[in-house]
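Biologist: I'm new to reading structures, and I'd love a close look at a single part of this one. Could you pick a good place to start and walk me through it slowly?

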Amino acid sequence: MPVVPNGRVLFKEIPNGYPIPGKTTAYDETQTIDTDNVPLEGGFLVKILVISVDPYLRAKMRDPRIKMFTEAFIIGESLYNWAVGVVIRSEYEGVKVGDYINGTLPFQHYAIFKDMNELEILDNTEKLPLSLYVGVAGMPGRSSYYGWKEFSSAKKGDTIFVSGGAGPVGSMVIQFAKAEGLRIIASAGSDDKIKFIKSLGADVVFNYKITKTADILKKEGPIDIYWDNVGGETLEAALDNASMGARFIECGMISGYNESQYPIHNLFRIIACQLKLFGFLNTDPYLHEKYDDNFRQEIPKLLANGELQYTEHFTYGLENAPKALLDVQVGNNLGKSVIVVAEE
Ligand SMILES: NC(=O)c1ccc[n+]([C@@H]2O[C@H](COP(=O)([O-])OP(=O)(O)OC[C@H]3O[C@@H](n4cnc5c(N)ncnc54)[C@H](OP(=O)(O)O)[C@@H]3O)[C@@H](O)[C@H]2O)c1
């Protein structure tokens with residue numbers, strides 16, 4: 001192969017609000033790579049195939065002096081996230097041409113790695129589409145599995161409310177709850193999303209942009225479990241409609257990622273209803289140690305045999321990544337957002 005452009009998506013500027021395509025992040029094609037001859041210096045060359053677009057990436061678009069649960073992106077450098085690529089050359093022991101690499105990869109067409117730090121060779125026994133390994137068989141799937149197993153204390157007949165129901169996290173939680181015989185209330189922000197979560201078996205579904213969450217929960221509650229993907233006013237409504245001893249699984253608060261956090265007025269309900277609130281991160285080594293083997297054994301099989309459903313939202317071409325990064329914050333994705341950088 002001749003020398004080819006090695007397009008990248010760069011972090012350009014810290015956003016004030018939603019990330020702006022071309023301003024916050026931008027596609028750059030100034031670098032080239034000679035894929036046949038570039039020196040590997042004992043490492044391996046990966047052609048990147050699919051990259052995940054996740055809500056938490058907004059937290060990386062910040063001033064690095066502010067400490068958070070995840071490192072900040074560096075201005076002028078490529079973004080990076082969960083991804084899958086294929087090895088096209090290797091001088092590294094244990095990594096061979098044709099291996100699929102799963103882990104943190106840059107928003108680039110090609111990248112050279114010196115070691116397997118934060119990477120693994122993908123074991124795709126079930127022959128799933130590679131994109132699932134950044135979605136329901138990857139980080140978002142793990143997050144739903146870990147959180148559900150550790151914190152739900154679900155009992156048949158319990159009522160659960162799941163916000164952000166149509167994404168990879170919410171849709172997996174709905175299916176876990178369904179399998180355990182819970183009554184499910186779930187919300188999302190468009191008719192297509194509502195249709196999807198209804199198809200997963202949710203009993204009460206609603207578009208929170210049209211119907212007030214507080215009204216639905218008043219009518220259909222009280223709730224015994226709240227799986228929170230959005231925070232803000234939705235969390236406030238869930239607090240108002242919680243049963244005694246309800247479990248609140250605090251997974252995400254996307255309503256405050258790009259806009260200021262809504263001030264919640266009824267936190268005393270935590271005491272009055274003896275609620276149990278669990279905030280968690282999928283990166284928690286304790287949860288990983290406890291649940292990852294089971295996740296790997298169970299979930300790919302259930303996806304392969306169709307017992308677990310999913311939808312994916314593909315953006316084709318790395319040059320379109322800046323828009324995809326905005327779309328997932330705004331809600332223009334129906335299902336797991338994935339950038340298809342290259343076909344195999
Ligand atoms: N704790 C962890 O380790 C962990 C791991 C993974 C993900 N998460 C969190 O879990 C949540 C879901 O992640 P995901 O990957 O499944 O995302 P996702 O649902 O694919 O995408 C995010 C969705 O959030 C919704 N949204 C945006 N602004 C909103 C608002 N103001 N109010 C209500 N909904 C809003 C949009 O859908 P609508 O059209 O429905 O508005 C959007 O599509 C996120 O908060 C994420 O940060 C946490």
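**Helix H2 and its surroundings**

Modeller: Let's start with helices H2 and H8, which pass each other in a right-handed crossing (the near helix is turned clockwise from the far one by less than a right angle; anticlockwise would be left-handed). This is a predicted model, where local features need pLDDT of at least 70 and side-chain atom pairs 80 or more, while totals for chains, interfaces and linings use all residues. Residues are numbered from 1 along each chain as its sequence is written, and side-chain values use heavy atoms, without hydrogens or water. The names such as H2 and E5 label DSSP runs, helices (H or I) of at least four residues and strands (E) of at least two, numbered from the N terminus.

H8 covers residues 285-304, and its axis lies 10 Å from that of H2, at an angle of about 115° (axes are lines fitted to C-alpha atoms, for helices over the stretch in contact, and angles run from 0 to 180 degrees between N-to-C directions). With that angle, H2 is roughly perpendicular to H8 (65 to 115 degrees; under 35 is roughly parallel, over 145 roughly antiparallel, the rest oblique). Which residues meet between H2 and H8? From H2 come Gly141, Arg142, Tyr145, Tyr146, Lys149 and Glu150. Facing them in H8 are Tyr286, Leu287, His288, Lys290, Tyr291, Asp292, Asn294, Phe295, Arg296, Glu298 and Ile299. Contact here means heavy atoms within 4.5 Å. Sorted by class, the contact of H2 with H8 has seven nonpolar, three polar and seven charged residues (Ala, Val, Leu, Ile, Met, Phe, Trp, Tyr, Cys and Pro are nonpolar; Asp, Glu, Lys and Arg charged; the others, Gly among them, polar).

Now look at another partner of H2. H2 spans residues 139-151, and it packs with helix H3, residues 168-179, at about 40°, the two axes being 8 Å apart. That angle makes H2 oblique to H3. This crossing of H2 past H3 is right-handed. On the H2 side, the contact uses Pro140, Gly141, Ser144, Tyr145 and Trp148. H3 answers with Pro168, Val169, Met172, Val173, Phe176 and Ala177. The classes in the contact of H2 with H3 are nine nonpolar, two polar and no charged residues.

If you follow the chain on from H2, you come to Ser153, in the loop between H2 and strand E10. Ser153 has a positive phi, near 45°, and Ser153 is not a glycine. Why point this out? Most residues other than glycine have a negative phi, and most peptide bonds are trans. Glu41 is another residue to check: its phi is about 50°, positive although Glu41 is not a glycine. You'll find Glu41 in the loop between strand E4 (32-34) and strand E5. Because its relative accessibility is 63%, Glu41 counts as exposed (over 50%; buried is under 20% and partly exposed lies in between, with a 1.4 Å probe and protein chains only).

Met139 gives us a link to Tyr56. Setting aside neighbours within four places in sequence, Tyr56 touches Met139 along with Phe69, Thr70, Asn81 and Trp82. Tyr56 sits in the loop between strand E5 (44-52) and helix H1 (57-60).

For a contrast with Glu41, turn to helix H6, residues 232-240, which is mostly covered, with seven of its nine residues buried. These are Gly232, Thr234, Leu235, Glu236, Ala237, Ala238 and Leu239. Their cover includes strand E10 (159-162), helix H5 (213-220), strand E13 (223-228), strand E14 (242-250) and helix H7 (269-272). Thr234 is counted as buried because its relative accessibility is 13%. Beyond its neighbours within four places in sequence, Thr234 contacts Phe161, Ser163, Thr213 and Tyr226.

H5 packs with H6 at about 20°, with 9 Å between the axes. The two helices are therefore roughly parallel, and their crossing is right-handed. Thr213, Ala214 and Leu217 of H5 meet Thr234, Ala237 and Ala238 of H6. By class, that contact of H5 with H6 has four nonpolar, two polar and no charged residues. As a last stop, find Pro222 in the loop between H5 and E13. The peptide bond from Gly221 to Pro222 is cis, with omega near 0°.
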